[in-house]
Amino acid sequence: MSTVVETEEHRALRAAVAALGQRHGRAHDREALWAEAGKLGYLGVNLPEEYGGGGGGMAELSIVLEELGAAGCPLLMMVVSPAICGTVIARFGTREQKARWLPGLADGTRTMAFGITEPDAGSNSHRITTTARRDGDDWVLTGRKVFISGVDIADATLVVGRTEDARTGKLKPCLFVVPRDTPGFGRRRIDMELDAHEKQFELTLDDVRLPGDALVGEEDAGLLQLFAGLNPERIMTAAFAVGMGRHALARAVAYAGERQVWKTPIGAHQAVAHPLAQSHIELELARLMMQKAAHLYDAGDDIGAGEAANMAKYAAAEACVAAVDRSVHTLGGNGLTREFGLASLITASRVARIAPVSREMILNYVSHQTLGLPKSY
Ligand SMILES: Cc1cc2nc3c(=O)[nH]c(=O)nc-3n(C[C@H](O)[C@H](O)[C@H](O)COP(=O)(O)OP(=O)(O)OC[C@H]3O[C@@H](n4cnc5c(N)ncnc54)[C@H](O)[C@@H]3O)c2cc1C
């Protein structure tokens, strides 16, 4: 890639993280990888230096996740812990909250999950009903969440709830840090068809009592703060998808270059080669959009980054799903064996298409926000 798109430092970071990923490999213990990546400063590259981070932004953090994914060992919790939670606390937390959380999130010794999805709201997050009410100096949270990743391994979950506007009576979004073992904060593991270290949970918040300083940021600026965290989430999901797509593609290319059943390796047949070339192009294009989104976000353009981050997430997920599909097919029967490790990516690659926001909701966003078309809902 040319220096116009990425600096020397970025390329050096790519190479260093790729080497770490290769040392660990796809079968390796993810906790050990998380600890080492944290110690080396990779998990907190986007967080402020003052609190132990690298002082960079999403451009750097997305490189880390993409390269670990390309090596076959993506760290899904990077999407939520340093990218969403770290960003929200760094931008909107009090000095006290920053000092309490950021050094641990930056070096990986602490992890934070993120919970917005609810069973009865799904893609329509305006409909969430997890409610926070004041009780003296405390907050009391009640509600349910679903599909929340890594709650068991996270020290706390950043929960999106709502408080009632005293003037209008309308509910507005607010963010609360809920430590894992808080009384009333229950979790049940969901049995997912995913071969991943990070599990998903259904959460119940049953009169969860939190101190006043559990609220992150202003009660009145909830939406703005939420978007500040959601753009990094989309950029990181794009990185996750580009990395996984590259991993699958590299394995298919290696296989197609060696496997011979007629006179030439199967990769010489254009019916095998062209789909792989197409995937390479699609992944490169998706990465370019991811870099644009990261650049806009890091430059402080939250609105511009919103559109680019959505498009990058869309493009990367579609490129990833296609790359995995084509790669599995390239391996013939071996594509479905455990030994070659590609079949489980068929399910894993679909995660990027549905989460954190589905393909259709991005198409809706572009239809309405970019193209100005009317809404059906
Ligand atoms: C592995 C995994 C990890 C996750 N981790 C987290 C997490 O850590 N934290 C968190 O908060 N959430 C998490 N999620 C939840 C994820 O963000 C949601 O699954 C996603 O937002 C979709 O919501 P839903 O599943 O309720 O689908 P629904 O909203 O029920 O949608 C179902 C289908 O209908 C389509 N649809 C809905 N409305 C429209 C419309 N208006 N126009 C066109 N199509 C529409 C959708 O595109 C989708 O295909 C995770 C999900 C998965 C699978």
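The following questions and answers concern a predicted model and treat its domains, ligand shell, helices, core and backbone geometry.

Reader: Into which domains is the chain divided, and how many residues of domain 2 are in contact with domain 3?
Author: The chain is divided into domain 1 (8-111), domain 2 (114-222) and domain 3 (223-370). The C-alpha centres of domain 2 and domain 3 lie 30 Å apart. On the side of domain 2 that touches domain 3, six residues are nonpolar, three polar and two charged. Nine residues of domain 3 take part in these contacts, and from domain 2 the number is 11.

Reader: Between which domains does the ligand lie, and why?
Author: Of the 21 residues around the ligand, G122, S123, S149, S358 and E360 come nearest. Two or more shell residues come from each of strand 1 (112-115), strand 3 (138-149), helix 9 (344-354) and helix 10 (359-370). Because both domains give residues to the shell, the ligand lies between domain 2 (114-222) and domain 3 (223-370).

Reader: How many residues of each class, nonpolar, polar and charged, does the shell around the ligand have?
Author: The shell around the ligand is made up of 21 residues. Divided by class, they are 12 nonpolar, eight polar and one charged.

Reader: What span should helix 7 have, and how far apart are its end C-alpha atoms?
Author: Helix 7 covers residues 270-298, which is 29 residues. At 1.5 Å a residue, the expected span is therefore 42 Å. This agrees with the distance between the end C-alpha atoms, which is 41 Å.

Reader: Which residue just after helix 7 takes a positive phi?
Author: Helix 7 has buried residues that include S279, E282, L283, M290 and Y297. Just after this helix, a positive phi of about 90 degrees is taken by G300.

Reader: Which element gives the most residues to the largest nonpolar core?
Author: In soluble globular proteins, nonpolar side chains tend to be buried together. The largest nonpolar core here has 110 residues, of which F176, I235, M290, A293, A312, A316 and C320 touch the most other members. Leaving out residues up to four places away in sequence, M290 touches S62, I235, A238, A239, V242, A312 and A316. The element that gives the most to this core, with 15 residues, is helix 8.

Reader: Is L342 buried or exposed?
Author: L342 lies in the loop between helix 8 (302-330) and helix 9. Beyond its neighbours within four places in sequence, L342 is in contact with A248, R251, S327, V328, L331 and G335. Because L342 has 24 C-beta neighbours inside 10 Å, it counts as buried.

Reader: F147 and D207 both have a positive phi without being glycine; which of them is buried and which exposed?
Author: Most residues other than glycine have a negative phi. F147, in strand 3, has a phi of about 65 degrees, and D207, in strand 7 (residues 200-210), has a phi near 50 degrees. With 20 other C-beta atoms within 10 Å, F147 reaches the cut-off of 20 or more, whereas D207 has 11 C-beta neighbours, within the limit of 12 or fewer. F147 is therefore buried, and D207 is exposed.

Reader: Where is the cis peptide bond that involves P356, and what is its omega?
Author: Most peptide bonds are trans. P356 lies in the loop between helix 9 and helix 10. The cis bond joins A355 and P356, and its omega is about -10 degrees.

Technical notes: Residues are numbered from 1 along each chain as its sequence is written. This is a predicted model: local features need pLDDT of at least 70, side-chain atom pairs count only at pLDDT 80 or more; totals for chains, interfaces and linings use all residues. A residue is near a molecule or strand if its C-beta atom, placed from the backbone, lies within 6 Å of it. Helices (H or I, at least four residues) and strands (E, at least two) are DSSP runs, numbered from the N terminus. Ala, Val, Leu, Ile, Met, Phe, Trp, Tyr, Cys and Pro count as nonpolar, Asp, Glu, Lys and Arg as charged, and the others, Gly among them, as polar. Domain bounds come from an automatic or database domain assignment. Two residues are in contact if their C-beta atoms, placed from the backbone, lie within 7 Å. The expected span of a helix is 1.5 Å times one less than its number of residues. A nonpolar core is a set of buried Ala, Val, Leu, Ile, Met, Phe, Trp, Tyr and Cys residues joined through C-beta atoms within 7 Å.
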